[in-house]
Amino acid sequence: MLASTLPANPFTEHHDDHDQKVDKYLHQFKLSDETLMELSMRFRREMDKGLCRDTNPTAAVKMLPTFVRSTPDGTEQGEFLALDLGGSNFRVLLVKVKGNGEQKVDMESQIYDIPELVMTGSGSELFDHIAECLADFVEKMGIKDKKLPLGFTFSFPCQQTKLDETKSTVHKTGFYPHLSLLTSYQSILMSWTKGFRLSGVEGKDVVSLLRNAIKKRGDFDTDIMAVISDTVGTMMTCGFDDRHCEIGLIVGTGTNACYMEQMRNLQLLDGDEGQMCVNTEWGAFGDDGALEDVRTDIDREIDAGSLNPGKQLFEKMISGMYMGELVRLILVKMARDQLLFQGNITPELLTTGHFSTNYIYTIESDKDEEGLASAEKVLRDMGLDPTAEDCAATRRICQIVSTRAARLCATSLAAVMRQIRDNKAAEKLRITIGVDGSVYKNHPKFSRRLNKMVRRLVPDCDVRFLQSQHGSGKGAAMVTAVAYRLAAQQAERQRILDTLRLSREQLFEVKRRMTEEMARGLSKQTHDQTSVKMLPTYVRSTPDGTEQGDFLALDLGGSSFRVLLVRLRHEKKLKVNMHQKIYSIDQETMQGTGEELFNHIVYCIADFLDYMGMRGASLPLGFTFSFPCDQTKLDEGILLKWTKGFKASGCEGKDVVKLLKEAVQRKQKFDLNFVAVVNDTVGTMMTCAYEDPRCEVGLIVGTGTNACYMEEMQNIETVEGNEGRMCVNVEWGAFGENGELDDFCTEFDHAVDECSNYPGKQRYEKLISGMYLGEIVRNVLLDFTAKGLLFRGKMSERLKTRGIFETKFLSQIESDRLAMRQVRSILQHLGLTGSTCDDSVLVKEVCSVVARRAAQLCGAGLAALVDKIRQNRNQNQLSITVGVDGTLYKTHPHFSSIMQETLQDLAPQCEVTFLKSEDGSGKGAALITAVACRFKSEKLL
Ligand code: 0WK
Ligand code: 0WK
Ligand code: BGC
Ligand code: BGC
């Protein structure tokens, strides 16, 4: 149970009777512990109302998000201007922050007067006045030519809205030319408080008002980077010395507090990770009638006579602007009730504001005599002739009023502390409260009373009060320094990410160069030099529905190796039945000897035939071999080079059909009576053409990337004959091997290429396909971390491991709508346990930039291809279907749409339908084999 009554005042025994008279008269000012605890609970409920999206609009305590989320990390440095408006003094400051770890802060400041008239005149006059003081200050400091970042402590309730960074104004600062700064939010004044009431500002953005006032002068410039409440500035100033400081308290002209709240509780904002500082604006507690049971008539009288009746009711019971007035009104009332000054009342005593709060500081001096002497002096100055009892009573009244103020302040502070304790689910909360304000600093007992009451309301909290020595100006400079660091880091991140962003012109250029290389690939003269080989596939026709029989199919080269049995039956129409089994090919086999690889393939076929109960069968086989092969006929494929993860020796330059047959021989488990070798793009085109005859293009965006299409024979100079068409395997993965893409490649692409199996090879593929996108992202993340732009510069060993950031993470991260949880779990898996929400947002951005570029580049290549077909056929408009397969295309949430957008933009005369291959290219390979077997049986081959 709290010791309920006010602390007895040992020095004034003989005054007890008078004290009791006053105590009795002001019994309403004495709030019991139960009442105080109940008020603290009530205020906590008000906080919840302010935090909750639905109740915020009607909440009295607005709980305003400040967008201050991170504290200085020791790397901030530079010179910053700061303005401190709203307290008893208007200050202009120059704050020099020295980084390199030992973070020293030097400050110079000057106080400027804000005339009463300006405080109640027009807004433009006020901001002109502020701009004038600023001009005077930078002149005196000799920094008029510098455009310094500025932090503005504007101690009034402001709604801050974060502008969408991309749309916000970017402007070069003369001072740090290499940095383009973003001013990324607005600060809308909700209502004036304290002694300010100016026209034309409420509902306006004070950032623009100040910027316009400065621009109007034209004799200096500054970069307004942050607008903060004085509570936030005070928390940041004290947070600089004590990292436990998570609450900023002002008890001065006005009163208010801010604290670090969990994002998940801030329903007005998206995102639920990390913390953000909330400006409670607790001065408005009770504006909705919530304090009517504790407010006295004196409180109502003070409010009625104030500049903003009905507003800031809690503040009017506590803060320095009103404390003196409360005492004056009590003196007047008691005099009228013949309880003081023999009922005498002087004009001074009746004058609003005539009993300054400063008087209370001296009247309540710890030294009894001093206090009573001061009371006497004040009362005499007001034309009264006070008795000793009058002086003692006045001192007692001051005590009662200021004690109530301290205790009321304690109730809301205790509620904030309980909120933080519960957020942290902490048994015992260790917290520091940064505090400033003339009442807290100058009243001889306020801080003690507040401190004491807080400890009684929240005994399970270990609380420290840290008086701000440098005012909130330093805090504003630190917020600006952090905002500046964040803006500079963001600018640097965007500068780096911009190297991965392609313009429309660049994509058109990629299309143009791809078209050029394709033409060179088809031309006999230039075929050997070109990087895009345009390999003839000897697939010239599609099934005519008469094909039938059982066909084996192999699908090698993608993310999984499949053996299939494809049964073609000719009922009313051609029916295709498929059975398949997926086998893994481990790294060792991929990169061992060709013999081992083909032995493994034969082992799988044998296993499959057993599984299908067809041991020893002899079947024709369609071999989807997803690597560049030179073919002079369907059943022969000379491997030009391995790509992706394959490196088996003794295969390049060899006929893979022969290698397969030799392995079959070696194993003697079954026989293959005919083998057609096709590329997975061709298999995919054929599989889809079976569904949609207009399908004349096959596209793979998987581990690798490539495309094929039906080309006019007369254009394929590397094959005899001019009739009809033949499918050409573009092998566009190699585009760029002759430097065609060097001006689009970034340092990250070069890093991925240098560490790849085939440096300098498959350059286009390395910008697009699944085998490499994760690596590009990992390299960007490494670079960002090394530059301190991510994970606070803390590198994780795991992130240094090649291939650890799998491409599937990109699809998962980008398909993860808002909740960053999945990003966090992937980062945790990568050993980045300390990552923040901002880190997750950035990792997601890097993934989207890398995937977007890949999809656009793929779209540009495809635009070149379909436009070629359109021109081949002299059509103004071409409508065609592209059969597509590949894990990246199928699983990435945005790849296909971005690729199609780019294609539409670069080849507007082509109406392209995309048909996802459901059955893989194995079916296509079997169909091609069936057609070949039909031709063979009809002796056409
Ligand atoms: C000093 C801070 C300022 C704040 C003031 C409040 O630097 O931002 O507004 O304290 O105290 P007051 O001057 O109103 O007593
Ligand atoms: C499935 C096809 C196969 C192709 C693969 C490519 O059946 O032929 O190689 O798609 O996609 P990936 O598996 O490399 O993602
Ligand atoms: C304002 C707050 C400010 C407080 C202390 C109140 O009147 O509404 O924004 O923090 O005074 O200066
Ligand atoms: C190969 C192509 C294949 C593509 C998709 C590339 O690495 O060179 O032959 O079509 O990957 O699997």
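**Ligand 1, Thr394 and two positive phi values**

Modeller: In this predicted model, ligand 1 is surrounded by 15 residues, the closest being Asp84, Ser88, Thr253, Ser438 and Ser472.

Biologist: What makes the approach of Ser438 to ligand 1 a polar contact?

Modeller: A polar side-chain atom of Ser438 is 2.5 Å from an oxygen atom of the ligand. The cut-off is 3.5 Å between N or O atoms, so the pair qualifies.

Biologist: Which distances apply to Ser472 and Arg91?

Modeller: For Ser472, a side-chain N or O atom lies 2.5 Å from an oxygen atom of ligand 1. For Arg91 the corresponding distance is 3.4 Å. Both values are within 3.5 Å, so both pairs count as polar contacts. As for cover, ligand 1 taken alone exposes 370 Å², and the protein buries 95% of that.

Biologist: How many residues of each class, nonpolar, polar and charged, are in the shell around ligand 1?

Modeller: The shell has ten polar residues, four charged and one nonpolar.

Biologist: Turning to Thr394, why is this residue called buried?

Modeller: Its relative accessibility is 0%. Buried means under 20%, so Thr394 meets the definition.

Biologist: Where is Thr394 placed, and which residues is Thr394 in contact with, leaving aside neighbours within four places in sequence?

Modeller: Thr394 sits in helix α11, which covers residues 388-423. With those sequence neighbours set aside, its contacts are Leu331, Phe341, Phe355, Ile363, Ala375 and Leu379.

Biologist: What does UniProt list for "domain: Hexokinase C-terminal"?

Modeller: The unreviewed UniProt entry lists residues 246-482 and 697-931 under that name. Over residues 246-482, the chain is 47% helix and 14% strand, with the end C-alpha atoms 16 Å apart.

Biologist: What is notable about the phi of Ala425?

Modeller: Phi of Ala425 is near 50 degrees, which is a positive value in a residue other than glycine. Ala425 belongs to the loop between α11 and β14 (429-436).

Biologist: Is Ala425 buried or exposed, and how do you know?

Modeller: Exposed: the relative accessible area of Ala425 is 69%. The threshold is over 50%, so the term applies.

Biologist: What is the phi of Gln762, and where is Gln762 found?

Modeller: Gln762 also has a positive phi, near 50 degrees, and is not glycine. Gln762 lies in the loop between α21 (747-754) and α22 (765-768).

Biologist: Why does Gln762 count as buried?

Modeller: Gln762 has 3% relative accessibility. That is under 20%, so Gln762 is classed as buried.

How values were computed
Residues are numbered from 1 along each chain as its sequence is written. Chains are lettered from A and ligands numbered from 1 in the order in which they are written. This is a predicted model: local features need pLDDT of at least 70, side-chain atom pairs count only at pLDDT 80 or more; totals for chains, interfaces and linings use all residues. Side-chain values use heavy atoms; hydrogens and water are left out. Helices (H or I, at least four residues) and strands (E, at least two) are DSSP runs, numbered from the N terminus. Buried means under 20% relative accessible area, exposed over 50%, partly exposed in between (1.4 Å probe, protein chains only). Contact means heavy atoms within 4.5 Å. UniProt positions are given in the numbering used here, feature names are shortened, and annotations may be inferred rather than shown by experiment. A residue is near a molecule or strand if one of its heavy atoms lies within 4 Å of it. A polar contact is a pair of N or O atoms within 3.5 Å; within protein, one must be able to donate a hydrogen and the other to accept it, and residues adjacent in sequence count only if both atoms are side-chain atoms. Accessible areas come from the Shrake-Rupley method with a 1.4 Å probe; for residues, only the protein chains shown count as cover. Ala, Val, Leu, Ile, Met, Phe, Trp, Tyr, Cys and Pro count as nonpolar, Asp, Glu, Lys and Arg as charged, and the others, Gly among them, as polar.
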